[in-house]
Each structure stands twice: as C-alpha cells, then as structure tokens.
Amino acid sequence: MRGPDVPPQSLDARALAALAANPGCGRRALLDGAGVPKAALAEALGSPSGFGQSQFAFMRGHAFEARVKADGGTELLRLTHACLGGGPEPEPGAASVPDLTAAGPAGRTARTELALEEASATGTWTLLDHPMLALDVAGTPAFLEPDAVVVAPDGTWTVVEIKSFPMIDGAADAAKVGAAARQAAVYVLALEEVARRLDPAPEVRHRALLVCPKDFSNLPAASAVDVRKQLAVTRRQLSRLTRVEDIAATLPPGTTFDVTRPAAELAAAVDAVPATYAPECLAACELAFHCRDRARAAGELTSLGRSLRADLGTLATIDEALAAARGEAGDADDPAVAALRRAGALRAEALAGGVRCP
C-alpha cells in the first residue's frame, strides 16, 4: 500500500502513543500499520506539517538529560528512590550502569534483556541508559528507546521519561504530562514483554518517573505518573493494528499511498479511509493539516474539539447544531438540543437588545 519502492516507516513510541491518544482514527491505524511515511504523504498532498521539535528545544533537552544522568545517574536514582522507593537509599557512585552497546537494534535489544536479567538478580540499583526494547506491532518488531530504565534493589523496573518542559510548583502542563504518560505506557508494555520471558518475572511498575526542570531553573524535579489507563488504551490499539487488513478490505481495489503518485490520486486514497480529526492531532500527527481542512469542509464538530462533540450527543455536524439552536431540527426532548435552543434564544434576545447590562 505504501508503494513498491518506499521503505516502511518504522513505528516508535511517539507514534504508538499518538495512536493511543486517538483510538478512533482508522486512517492513522492503517497508515501506521502499513508503514506509510506520513510526513512525505502530507507533503505530496500539499499540506506539509509543522510537526516536530525545534533545534533549540532538541539541544536544550539533550543538555538537561545529560545533567540528570551525570555522575553515574546519582541524581536520577535519588529522585527515583524519593518518588517510588524500591529499597535502601542509593549511595553516590555505587550504582551499576551497564554497557548496552551492540550491533544493530536486534543486538541492542538482546543486550538490554540480558542487562535487565542480571540487574534483577544482583539486587542493587542499576541504571540502563537508553536501553533498546522491542514490541510486536502488526507482526513486525518496533524498536523502542526509552530515556532510561531503573532497576531497584527490590527487583522492580521503572520507566524514566526525561522532558525539557518545566515543572512549576510541583506541577507541569497537563497536556504535556498526558503525552509523556502515553509514551511511557508504550515502554512499560515493551518491558512487560521482557519480564514475562524471565523466571521469576520481575515487577514492571505502572508508575513511570517523569523528570523535568524545576520551576525556571535547570535543576531536575520528578514526579511519579500513573500510566495504567494509557497502558490499557495502548494494548487495545495494538490489537486493532493487527487487523489493519479489515480496514484495507473496505477500500477500492488498487488503493495506494505511494507518495510518488499524483496529488489528486493520493487525496482520493487518503479520503477513502475514515478519520477522526481533533485539534489535539496538530501536535501528534503529520497529516493533521490535511485532516483539519477536510473536517472543516465537512462541518464536523470534532474540528472544534472532542469535548464539544461529546456534549452535543447525536449531533455530528456544525450545521445540525445550528439548525437545532434555531429550532429547525432535532428532538426537543434531547438535552443537547434543549440546551442549544435555550442558548439560541438567549443570543437572539441579546442581539435584539432585550438583555442590557445593569
């Protein structure tokens, strides 16, 4: 489906987390399952995305991560112990930091699994810096690289997410924390696959450690983030990805997303796959601008936000909502329709001058 000469786009944790954030989007599920390069596809459609990270933010993030992991991860392990426990307090310089270098992703994955097994057996604090994990996605291994995994003396494994957005007065931006939690859930899922192959199977914590700059400084602060909900959604999405053939079977014969094809042909192929656009897609999907244009042209309520779409129940388009507000359509017993009519009446009264400020 991606074309005979187009190499598959490998899935990473960000892509899998984005799938979990929008579980109803068949378009993303199909394109990711087929390995279609969505950035190149968006470019070919004439709707290039601004998705990505600035070079400045990239460099700042790397500098902060290096500071957190300095001195053998002394500060990172201290934060892990302070937030999650796991045994006696780690002593500076006493933790193990195994070498995870190997040839190729498969070699690094095997070396990581061996290091995790050894760390669980020794009963000491161990920091795995950028380990490599593998997760089966639609029959193909996706290689994932978390920022770090900490093995505590009690044998528990903890995923560590290091982000450059600030944690002010102990709290960070909720949307960014949610995105980090979805990404961490992907790593937890991959770690659980490794743990199941060991005997006895170690415990993989369902609380990830989020490390961010404290206030407006470059000092690290940490918080434990519960990822159980995100973990359940990710599992469900991966089970759907194994059935992308069902989505593909509904498409016209010969449908292709080969980015070398004409733009009109590609647009018809993309539009043949149902999508569920929401404003949050702009921060997570390369096709967001194309899907937004289509959603706005169709008057879909999701283009105004998922919460509004949920509040209006059976009303699916902006035209239906406006008609209900004017009393031209809709069931009067529907609470959403009744609320819209009340709002429409208040607006008409205000425009007519019937409502004045005291």
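A salt bridge is a side-chain nitrogen of Lys or Arg within 4 Å of a carboxyl oxygen of Asp or Glu. The legends below describe close-up views of a predicted model.

**Figure 1. E193 and R196 form a salt bridge in helix 7.** The side chains of E193 and R196 meet with a nitrogen-to-oxygen distance of 2.4 Å, which satisfies the 4 Å limit and therefore counts as a salt bridge. Both residues belong to helix 7, which runs over residues 174-196. Because E193 and R196 are three residues apart in this helix, about one helical turn separates them. An α-helix has 3.6 residues a turn, so residues three or four places apart point the same way. E193 is partly exposed, at 30% relative accessibility, whereas R196 is exposed, at 53%.

**Figure 2. E75 and R78 are paired within helix 5.** The closest N and O atoms of this salt bridge are 2.6 Å apart. E75 and R78 are three residues apart in helix 5, about one turn of the helix. E75 has a relative accessible area of 26% and is partly exposed; R78, at 38%, is also partly exposed.

**Figure 3. R326 and E328 form a salt bridge between exposed residues.** The closest N and O atoms of E328 and R326 lie 3.1 Å from each other. Both E328 and R326 are exposed. Elsewhere, R28, D32, K38 and E286 are joined into one network by salt bridges that share partners. The structure holds 16 salt bridges.

**Figure 4. Helix 4 has a buried side and exposed residues on the other side.** Helix 4 comprises 14 residues, 55-68. The distance from its first C-alpha to its last is 20 Å, close to the 20 Å expected at 1.5 Å a residue. Its buried residues include A57, G61, F64, E65 and V68. These residues lie on the same side of helix 4 because they cover an arc of only 100° around the axis. Among the elements that cover the buried residues are helix 5 (70-84), strand 5 (157-162), strand 6 (207-213) and strand 7 (220-226). On the other side of helix 4, Q55, F56 and M59 are exposed.

**Figure 5. T302 is a buried residue in a loop.** The loop that holds T302 lies between helix 11 (288-297) and helix 12 (306-311). With a relative accessible area of 13%, T302 falls under the 20% limit and therefore counts as buried. The side chain of T302 reaches the backbone oxygen of Y277 at 3.1 Å. When neighbours within four places in sequence are left aside, T302 is in contact with Y277, A278, P279 and R309.

**Figure 6. C281 and C285 are buried cysteines, and the structure has zero disulfides.** A search of the whole structure finds zero disulfides. For C281, the nearest cysteine sulfur is that of C285, 6.3 Å away, and C281 is in no disulfide. For C285, the closest cysteine sulfur is in C291, at 6.1 Å, which is too far for a bond. A disulfide requires a pair of cysteine sulfur atoms within 2.5 Å. C281 is buried, with a relative accessible area of 11%, and C285 is likewise buried, at 11% relative accessibility.

Note on methods:
Residues numbered from 1 in each chain as written. Predicted model: local features only at pLDDT ≥ 70, side-chain atom pairs only at ≥ 80, totals over all residues. Heavy atoms only, no water. Helix = DSSP H or I, 4+ residues; strand = E, 2+ residues; numbered from the N terminus. Buried < 20%, exposed > 50% of the residue type's maximum accessible area, 1.4 Å probe, protein only. Polar contact = N/O pair within 3.5 Å; in protein donor to acceptor, adjacent residues only side chain to side chain. Contact = heavy atoms within 4.5 Å. Expected span 1.5 Å × (residues − 1). Arc of directions from axis to C-beta.
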